[in-house]
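Here are my notes on this one, as promised. I've put the oddity up front and worked outwards from there.

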Amino acid sequence: MSLVELGRFNRNEAHILVGRLESEGIDAVAFDAGSSIADGSWLLIPVRVMVDEDDLAAAERIIAAQ
C-alpha cells in the first residue's frame with residue numbers, strides 16, 4: 001500500500017478533486033497545498049493529488065468522466 005500521484009492541479013481544483021474522490025470512497029490527499037500559500041503563489045505552484053496505488057485506476061476513471 002503506497003501513495004502514487006494522480007495528477008497536479010491548481011490548489012482549488014486539487015481540493016475539489018480530493019472531495020470528489022472521497023465521496024466515491026477513494027482516500028486522497030493534496031500534497032504541497034500549504035507550501036504554495038506560504039510561498040505566496042498559490043495559483044502558480046501545482047498541488048499533487050495522491051491516492052493509494054490500488055485506487056489509481058478508479059480515480060483516473062473519475063477524472064476522465066469530469
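**Notes on the predicted model**

1. Start with Asp52: this residue is buried but makes no salt bridge, and the nearest side chain of opposite charge, Arg61, sits 12 Å away. Keep in mind that we are looking at a predicted model. Asp52 belongs to strand S3, and Leu3 stands opposite Asp52 in the strand pairing. What does Asp52 touch, once residues up to four places away in sequence are set aside? The list is Met1, Ser2, Leu3, Val4 and Asp27. Arg61 is not the partner one might have looked for, since a salt bridge needs the nitrogen and the carboxyl oxygen within 4 Å.

2. Now the overall layout. The protein has three helices and three strands, and reading along the sequence gives β-α-β-α-β-α. Of the 66 residues, 29% count as buried. Among contacts between residues at least 6 apart in sequence, 65% join residues at least 24 apart.

3. S3 deserves a paragraph of its own. Five of its six residues are buried, so this strand is mostly covered by the under-20% cut-off. S3 pairs with strand S1 (residues 3-9) in the antiparallel sense, over six bridges. S3 also runs antiparallel to S2, with four bridges joining the two. On the S2 side, the bridge partner of Ala30 is Val49, and Phe31 stands opposite Arg48.

4. Which S2 side chains are buried, and which are not? Ala28 and Ala30 point to one face and are buried, while Val29 and Phe31 point to the other face and are not. That fits the textbook picture, because side chains in a regular strand alternate between the two faces of the sheet.

5. On to the nonpolar core. The largest one has 14 residues, and those with the most contacts inside it are Leu6, Leu21, Ile26, Ala28, Val49, Val51 and Ala59. The elements that give two or more residues to this core are H1, S2, S3 and helix H3 (56-64). H1 gives the most, with four residues. As a general point, nonpolar side chains tend to be buried together in soluble globular proteins.

6. Leu6 is a handy residue to click on if you want to see that core. Leaving aside neighbours within four places in sequence, Leu6 is in contact with Leu17, Leu21, Val49, Val51, Leu56, Ala59, Glu60 and Ile63. Of these contacts, Leu21, Val49, Val51 and Ala59 are also listed among the core residues with the most contacts.

7. How many salt bridges does a search of the whole structure find? The search turns up three. The one I'd look at first is Asp32 with Arg48, at 2.7 Å from N to O. Asp32 lies in the loop between strand S2 (28-31) and helix H2 (33-38) while Arg48 is in strand S3 (residues 47-52), so the pair ties together parts that are 16 residues apart in sequence. Both ends are partly exposed: Asp32 has a relative accessible area of 30%, and Arg48 comes in at 22%. Arg48 is also the residue that stands opposite Phe31 in the strand pairing.

8. Next, the pair Glu24 and Arg20, whose side chains meet in a salt bridge at 2.5 Å, N to O. Glu24 counts as partly exposed, at 45% relative accessibility, and Arg20 is partly exposed too, at 31%. Arg20 has a further link through its backbone: its oxygen lies 2.6 Å from a polar atom of the Ser23 side chain. Ser23 has its place in helix H1 (residues 11-23) and counts as exposed, at 55% relative accessibility.

9. That leaves Arg8 with Glu5, where the closest N and O atoms are 2.9 Å apart. Is Arg8 buried or exposed? Arg8 counts as exposed, at 51% relative accessibility, whereas Glu5 is partly exposed, with a relative accessible area of 32%.

10. Back to the opening point, then. The salt-bridged residues above are exposed or partly exposed, among them Arg8 and Asp32, whereas Asp52 is buried and has no salt bridge. If you open one residue in the viewer, I'd make it Asp52, with its contacts to Met1, Ser2, Leu3, Val4 and Asp27 on display.

Methods:
Residues numbered from 1 in each chain as written. Predicted model: local features only at pLDDT ≥ 70, side-chain atom pairs only at ≥ 80, totals over all residues. Heavy atoms only, no water. Buried < 20%, exposed > 50% of the residue type's maximum accessible area, 1.4 Å probe, protein only. Pairing = 2+ DSSP bridges. Polar contact = N/O pair within 3.5 Å; in protein donor to acceptor, adjacent residues only side chain to side chain. Lys, Arg positive; Asp, Glu negative; His and termini not counted. Contact = heavy atoms within 4.5 Å. Core = buried A, V, L, I, M, F, W, Y, C linked by side-chain atoms within 4.5 Å.
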